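Hi everyone, thanks for coming. I'd like to walk you through one structure today, so have a look at the screen.

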Amino acid sequence: LGHTRDVVLRAQISELFVEVEAIRALNAHAKPYLAEVAEMPISDRWRPDINKPLADKMRVCIKEVPASGFCEVHIAHLIMALNSLRRGGLREPDVDEHVVVLQILADEYLLSANTSTTGMG
């Protein structure tokens, strides 16, 4: 994805990446899962604390859920969110969405994990 300059193509590849990772991780549960999260905002799909459908499917398909709550499907959703496009006629990156996603990632997952492991949180 890093070498693809066409933003529309990047967004499409990101969507495909989510589908592939869902199929790999969830097998037969992938299609129902993708249908279930289709109405969820893209910016929420990558978050383990919000994406309850993925957590439910993970418990069925992946017997041992990672302690972080993140799996490959969450990361694929994160990549998709960072490659999302603005709604409407202009086909350009949704910079506002990117800022929100990165802010949440840093504040709630990266920085909070750092402070809890150093005893500062």
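I'll start with the overall fold and then turn to the cysteines.

One thing to keep in mind: what you see is a predicted model. So what is the chain built from? It has six helices and zero strands. If you start at the N terminus and read along, you get α-α-α-α-α-α.

Okay, next up, the inside and the outside. How much of the chain is buried? Out of 121 residues, 37% are buried. As for the outside, the accessible surface is about 7500 Å², and carbon and sulfur atoms hold 58% of that.

Then there are the contacts along the chain. Take the contacts with a separation of 6 or more: 52% of them are between residues 24 or more positions apart.

Now for the cysteines. Quick reminder: a disulfide is a covalent bond between the sulfur atoms of two cysteines. How many disulfides do we count here? The count is zero, going by the rule that the two sulfur atoms must lie within 2.5 Å.

Let's look at Cys61. The nearest cysteine sulfur to it belongs to Cys71, and that one is 9.9 Å away. Why is there no bond for Cys71? Because its closest cysteine sulfur, the one in Cys61, is 9.9 Å off, which is too far.

And are these two cysteines buried or exposed? Cys71 counts as buried, at 6% relative accessibility. Cys61 is partly exposed, and its relative accessible area is 23%.

To wrap up, remember the six helices and the zero disulfides. Thanks for listening!

Definitions and conventions: Residues are numbered from 1 along each chain as its sequence is written. This is a predicted model: local features need pLDDT of at least 70, side-chain atom pairs count only at pLDDT 80 or more; totals for chains, interfaces and linings use all residues. Side-chain values use heavy atoms; hydrogens and water are left out. Helices (H or I, at least four residues) and strands (E, at least two) are DSSP runs, numbered from the N terminus. Buried means under 20% relative accessible area, exposed over 50%, partly exposed in between (1.4 Å probe, protein chains only). Contact means heavy atoms within 4.5 Å. Accessible areas come from the Shrake-Rupley method with a 1.4 Å probe; for residues, only the protein chains shown count as cover.
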